[in-house]
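Biologist: I would like to learn how to read a model of this kind, feature by feature. Could you take me through one?

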Amino acid sequence: MNIITLTVNGNTIQKAVSDRTHLGDFLRDTVQLTGTHLGCEHGVCGACTVLLDGEPVRACITYAVACEGRSITTIEGYESDPVMSRLRAAFQAHHALQCGYCTPGMLATARDIILRLPQADEQRVRIELAGNLCRCTGYMGIVSAILAVLQDLREYPDAQVQLLRVAIAEGRAEPIDAPQLAHGFTSFEAKRQLGSPSESSEQPPVRPVIQSGVADTQGQEQQVQQKGTKVNASFDVPFGVDAVWAFMSDLKAVASCLPGAQIESETPEQVAGKIAIKFGPMAATFKGSATIERDAAQRVAVLKGAGQDSVSQSRATGDVRYQLEALSAANTRVAVELLYTLQGPLAQFSRSGLVQEFVRRMVADFGKNVSRRLASPDMLEAPQAEAINPVGVMFSILWQKIKSLFGVR
Ligand code: FES
Ligand code: FES
């Protein structure tokens, strides 16, 4: 046995420890700080990530004796940390945890990303998170939460966070001073809803988490809570802008052109129904409803839908914002921005570029259906055979990718 002296969450402690005890076991069993989770104990899953002298390390592959004289911060030690308070609120707002097993390590890594990479985009965040595994969330909410904090800090710089960033950039990653939390378990509390009256006294104000702005109809920046994957696409329709707008502002008409959609009930402002998707081995039928908001002056409309698949219990939301532009008297361009989220078992499929390409193809099919419906107004439904041919679409995407790899046009 060895007697080691180290600082944990700001308090100096002295404990006996064997040569082979790793830091994770030491924190959990000897210091009773069980917020540090152990998953693989091989340095792979990241659940045990803690700060050692201000830098993230895997507690499961760090010997406790090697921490003699050093400073450790565990998930229980971030109460006064300006980054972690933002991350906690963002994780809650973006549903970035389910079972919570990965969350202590995920938060430690997220904090590191916020401090080291102020300009990180989604791809960079995903790369940085590669060492932290989560088997519940599909990562959508986690990535959204981190991006939201990054964006918020870009728009509203925080002096305390800036000091931490400068320290890290200069190689002075500093331990967090939270001496009152050195011993015993302090839970990662379930926080109240954002905006509830009890929030203000508990933590620094966290502004609405924002990932991106969407220009509203006055051309101003409208703050939106974005959590999801955004896909932009456009299609051209061989009809004048007035005719296309008249069609595209009809909720039932628009919904009936969505590939795989079936309308079950409708009012002028809301339709209910289902939309079937299939990607690889996964198939789902999302049942739900959609509403539409229109701005005739700007020729902008937003279709907002949400639904749930009863088999997989996956949930999906999608905002389809489209804007019309007259290309000529007889031709109109429809620019479509789709922001979608998937939660539940299907969420794992929402990450790949292949899926985003698949969505672009769906938008293209949607455009074809719009053209057909405009050409044949009496057609009751969009042609379903073409709408629901995901396997064909998928092979088509793969074939295009293979061709581009070999330079075949
Ligand atoms: S428990 Fe340490 S990396 Fe998995
Ligand atoms: S929330 Fe369960 S493992 Fe990540």
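**Reading the sheet, the core and the loops**

Modeller: Let us begin with a single pair of residues, since V50 stands opposite V57 in β4. V50 belongs to β3, where both faces are covered, with T49 and L51 buried on one side and V50 and L52 buried on the other. Please keep in mind throughout that this is a predicted model.

Biologist: How many bridges join β3 to β4, and do the two strands run parallel or antiparallel?

Modeller: The general idea is that strands of a sheet pair through backbone hydrogen bonds, in either a parallel or an antiparallel sense. Here β3 and β4 are joined by 4 bridges and run antiparallel. They form a hairpin with 2 residues between them, and D53 in the turn has a positive phi of about 50°. β3 also pairs with strand β5 (residues 71–73), again in the antiparallel sense, over 2 bridges, and there the bridge partner of L51 is T73.

Biologist: In what order do the strands of this sheet lie?

Modeller: The sheet is an open one of 5 strands, in the order β2-β1-β5-β3-β4, and its pairing is mixed. Its edge strands, each of which pairs on one side only, are β2 (11–17) and β4 (55–58). On average, and with direction ignored, neighbouring strands of this sheet are turned by 40° against each other. Helix α3 (residues 103–116) packs on the sheet, where it touches β3 (49–52) and β4, and its direction makes about 50° with that of β3. At the other end of the strand order, β1 (residues 2–8) runs antiparallel to β2 and is joined to it by 7 bridges, with I3 standing opposite A16 in β2.

Biologist: Which residues of helix α1 are buried, and against what do they pack?

Modeller: In α1 (residues 23–30), the residues L23, G24, F26 and L27 are buried, and the buried residues of this helix pack against β2. After α1 comes Q32, whose phi is positive, near 60°.

Biologist: How should I look at the interior, and which residues have the most contacts inside the largest nonpolar core?

Modeller: As a general guide, nonpolar side chains in soluble globular proteins tend to be buried together. In this model, buried residues make up 38% of the 409 residues in the protein chain. The largest nonpolar core has 90 residues, and those with the most contacts inside it are L87, A145, I146 and V149. The helix that gives the most to this core is α5 (residues 140–155), with 10 residues. If we leave aside the neighbours of L87 within four places in sequence, L87 is in contact with L107, A110, R111, A145 and V149.

Biologist: Where do α2 and α5 meet, and at what angle do their axes cross?

Modeller: The axes of α2 (residues 82–93) and α5 come within 8 Å and cross at roughly 130°; the two helices are therefore oblique to each other. The crossing in which α2 passes α5 is right-handed. From α2, the residues R86, L87, A90 and F91 meet A145, A148, V149 and D152 in α5.

Biologist: What should I make of phi in the loops, and where do H95 and Y139 lie?

Modeller: The background is that most residues other than glycine have a negative phi. H95 is not a glycine, yet its phi is positive, at about 50°, and its place is in the loop between α2 and α3. Y139, in the loop between α4 (122–128) and α5, likewise has a positive value, with phi near 75°.

Biologist: Why does H95 count as partly exposed, and is Y139 buried or exposed?

Modeller: H95 counts as partly exposed because it has 17 C-beta neighbours inside 10 Å. Y139 has 21 other C-beta atoms within 10 Å, and therefore it is buried. A296, in the loop between β11 (282–295) and β12 (300–309), counts as exposed because it has 11 C-beta neighbours inside 10 Å.

Biologist: How far apart are A296 and S249 in sequence and in space?

Modeller: They are 47 residues apart in sequence and 8.4 Å apart in space, taken from C-alpha to C-alpha. For the protein chain, among contacts between residues at least 6 apart in sequence, 64% join residues at least 24 apart.

Technical notes:
Residues numbered from 1 in each chain as written. Chains lettered and ligands numbered in written order. Predicted model: local features only at pLDDT ≥ 70, side-chain atom pairs only at ≥ 80, totals over all residues. Buried ≥ 20, exposed ≤ 12 C-beta atoms within 10 Å, placed from the backbone. Contact = placed C-beta atoms within 7 Å. Pairing = 2+ DSSP bridges. Axes fitted to C-alpha atoms, helices over the stretch in contact; angles between N-to-C directions. Core = buried A, V, L, I, M, F, W, Y, C linked by C-beta atoms within 7 Å. Parallel < 35°, antiparallel > 145°, perpendicular 65-115°, else oblique. Left-handed = near helix turned anticlockwise from the far one by under 90°.
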